[in-house]
Amino acid sequence: MRWGARLLLATAALALALATAAGTADAAFKAHGSVEQVYVTGLAARAQASLLDSGGGKVATKRADGLGGLLFRNVKPGKGYRVRLSQGGATSGALTVLSKRSAPPDTKFYNQTIPEKGYGYLTTRDGTKLAIYVHPPEDWTKAAPSGIPPPHVQAGPTPTLIEYSGYGYANPAGPQSGISIIANLMGFTVVDVNMRGTGCSGGAFDFFEPLQNLDGYDIVETVAHQPWVLNHKVGMMGISYGGISQLFTAQLQPPSLAAISPLSVIDATQTTLYPGGILNTGFAVAWAKERQQEAKPASPNGGQAWAYKRVQEGDTTCKDNQVLHGEAADLMGKIRTNDHYKPAVADPLAPITFVDKIKVPTYMVCQWTDEQTGGHCPTLTEHFSGTKRKWFTFTNGTHVDSLAPDAFNRWYDFLMLYIAHQAPITNSATMQAAAPVIYEVAMGIPGVTLPPDPIQQQPTYAGALAAFEQLEPIRVLFDNGAGGSQPGEPKPGFERSFTRFPIPGTSARSWYLKAGSALGDNAPASAGADSFTWNAHARPLTDFTGSTSTGDNGLWTATPNYQWTRNPPDSALSYLTSPLKADTTVIGAGAVQAWVRSSTPNVDLQATITEVRPDGKETFVQGGWLRANERKLDASKSTLLEPVLSLRAADVSPLPSDRFVKVTIPLYYEGHAYRAGSRIRIKIAAANGDQPIWSFSETRPKGKATVAIAYSKGMPSRLVLPVVPGSVPTGLPPCPGLRGEPCRDYIRFVNRTTTP
């Protein structure tokens, strides 16, 4: 998403000497200690230099990049390091390398001054200057049309939010993929910050390295120290990248952080990058390549275009900050090297391992069918044990549906209560008036309004806060796309709230694979098996071609034109329940447990869950993936309804060609009401074809394979789903209409039988 229009340009220079940056002694270059790093600037292109420890021992030797920048990573914290040129022997002064401790050894730099509006730079603990743009509340007028009543903004300090990512957030023309304009309409000042190594920010980029998270800590504390910040406390907001960064920052517990509101986030890098152990080349790899390209030094051929423009216009700080961009981490190299689970590498990049450290109030929204981050975010809820003030909203929908009206209202209420400390009624009229504009821009859907909100009807802050804190922490919006005036409008058909996740009263219901493409309540009495020809090219890679946001036939519009193709005969296996006797509500993950035999030692499998409706339509619900030679489960983490693959290299086990073995395909999360009379369908095939952006172009095997699935009392293949109690108050939703869930005419699929 791109929000806002060209904003006023204001530059501000900062000069700050930090203890971590040593004098240059007789060297012409400059060397600085950082957090487990040492960076060097001012070298000749390709000059070779060595890092020496306090005893003069050589730690590492490297060559500078083409701009004369050099970065030593993974340096042990300590004092007395020096950098020495290989040619001529010029040596830096002594350097201190900091540890990953959250609080810096000296906090004086938090007293630096940053502009209260416009463009500038913020200096972090290691002397790196990050590009920022401060949007005061009045900036809403530069993008919003006339006719919207202005928000009430009290005189003096304003409530302030931070939006932080590697996208072009600090771009003076408006943040790329940012949502600051919405917060301005709420009456907030927003500080948009480019991560180190991106745009006009200094340093070298790496994906959520510890130093990047510590930068977030420094940003929070520096912004909170500004005289124009209300109560000297700040919140964080953002969607996607700007949502994920909040989790990484908040785990460090910066003292001046008031609350966070992450939208459309991940639970772990692996569940988006390697779902089921299969590399997601469609979205995750493309995203990583884009980050690498944008982390390059700003030029006509790399970096972020707005940064190159500023350099051309004479921004010397932006120009100087490009020197270390050539030292960015090789993300694709890291992806290839870490194709199996390595706890030391993966866990620091998995919010599920550290969200228990988050102590501040939290409001989070995720979509089961998020086409970018994926539907695995709900696993975070049960690990969010560090705060009692936490609220989560889950719904079907696209990446942008974390801003859908019902979720939006609660987000606005949360920000007003926990950061602005004002009754949400204060600016509710402004938000109501702005809503149609927001949704026409964000989703290409006209006429969308916000529903009535009880919290916004409370006349006092105390009353609104008390009412909000009575809300159940888990909220599920069902049938998003069915509750508006037209199919696909981002409004739910109904909602339910719960005390915790997994949902109280959840039961594991099994449907067993049987002959005749059936799913039954019990394992079959007689043995049987079906087979299919595995072919990763049997269908297109994705089920959508077009704009992956708004615009003509955009994915975020009301009823995008999915091209959800069917599997050709013999290229999949399909199993179908009898018509359900009662409404069946599923909230959670689940799994497909299958006894599999393959002609090849490895095969990538995709399981797809759909609802086959009484009216002859079929609706996509959810999917799951498995690289079969990585089928071993992590027993310490797995449950029947939430199986977790080991994905360790040591647990790789080829499939035998002469017998069936049990495999578990973990399903991603769903919140779906299957109506009475509908049938639940499970389809097993090669990966690809059932997602709009996610795809898998490096599947195994490279050619075709024959895959068989057996079913009997001794080999009970089954679908297991988490069914929750409760009634369904609405009928079948329109088809098409459910957001993020394509719908098509149902056509029966006949399985090919084989010998068990």
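Which residue does V40 stand opposite in strand 5? Keep that in mind while reading these notes on a predicted model.

1. Let's settle the opening question. V40 faces L70 of strand 5. Strand 2 (residues 37-41) and strand 5 run antiparallel, and 4 bridges join them. As a bit of background, strands of a sheet pair through backbone hydrogen bonds, either parallel or antiparallel.

2. Now zoom out to the sheet around that pair. The sheet is open, has 3 strands in the order 1-2-5, and its pairing is antiparallel. Strand 1 (30-33) and strand 5 (70-73) are the edge strands, each pairing on one side only. On average, neighbouring strands here are turned by 15° against each other, if you ignore direction.

3. Next, look for a sheet of 10 strands. Follow the order 8-9-11-10-12-13-14-15-16-17 to trace this open sheet, and expect mixed pairing. Strand 8 (118-123) and strand 17 (494-498) stand at the edges with a single partner strand each, so one side of each has no neighbour in the sheet. Between neighbouring strands of this sheet the average turn is 20°, direction ignored.

4. Helix 3 (residues 241-250) packs on this sheet, where it touches strand 10 (158-165), strand 12 (229-239) and strand 13 (257-263). Compare the directions of helix 3 and strand 12: they make an angle of about 130°.

5. Two pairs of strands in the 10-strand sheet are worth finding on screen. Strand 12 and strand 13 run parallel, joined by 6 bridges, and G235 has A259 in strand 13 as its bridge partner. Strand 13 is mostly covered, with 7 of its 7 residues buried. Strand 15 (residues 390-395) also pairs in the parallel sense, with strand 16 (residues 474-478), over 4 bridges. There, F392 has I474 of strand 16 as its bridge partner.

6. Have a look at L513 in strand 18 (residues 507-514). Is L513 buried or exposed? L513 counts as buried because its relative accessible area is 1%, and the cut-off for buried is under 20%. Beyond its neighbours within four places in sequence, L513 is in contact with several residues, among them Y575, I709, Y711 and L719. A420 is another story: 93 residues away along the chain, its C-alpha atom is separated from that of L513 by 55 Å.

7. On to the empty spaces, beginning with the second largest pocket. It holds about 840 Å³ of space. Its lining has 29 residues, and K100, F208, E209, P210 and P348 are the closest to the centre. Helix 2 (210-224) and helix 9 (343-346) are the elements that give two or more residues to this lining, with helix 2 giving the most, 4 residues. By class, the lining divides into 13 nonpolar, 7 polar and 9 charged residues.

8. How many cavities of 30 Å³ or more does the structure hold? There are 5. The largest cavity has a volume of about 140 Å³. Its lining has 18 residues, with T369, D370, F620, Q622 and Q691 nearest the centre. That lining has 8 nonpolar, 6 polar and 4 charged residues.

9. The second largest cavity takes us back to where we began. Strand 2 and strand 5 each supply at least two residues of its lining. The cavity holds about 60 Å³ of space, and its lining residues include Q37, Y39, L71 and R73. By class, you'll find 4 nonpolar, 4 polar and 4 charged residues in that lining.

Notes: Residues numbered from 1 in each chain as written. Predicted model: local features only at pLDDT ≥ 70, side-chain atom pairs only at ≥ 80, totals over all residues. Heavy atoms only, no water. Buried < 20%, exposed > 50% of the residue type's maximum accessible area, 1.4 Å probe, protein only. Contact = heavy atoms within 4.5 Å. Pairing = 2+ DSSP bridges. Axes fitted to C-alpha atoms, helices over the stretch in contact; angles between N-to-C directions. 1 Å grid on protein atoms, 1.4 Å probe; cavity = no way out; pocket = protein on both sides within 12 Å on 5 of 7 lines; lining within 4 Å. Points joined across faces, edges and corners; volume = space filled by probe spheres on them. Nonpolar A, V, L, I, M, F, W, Y, C, P; charged D, E, K, R; others polar.
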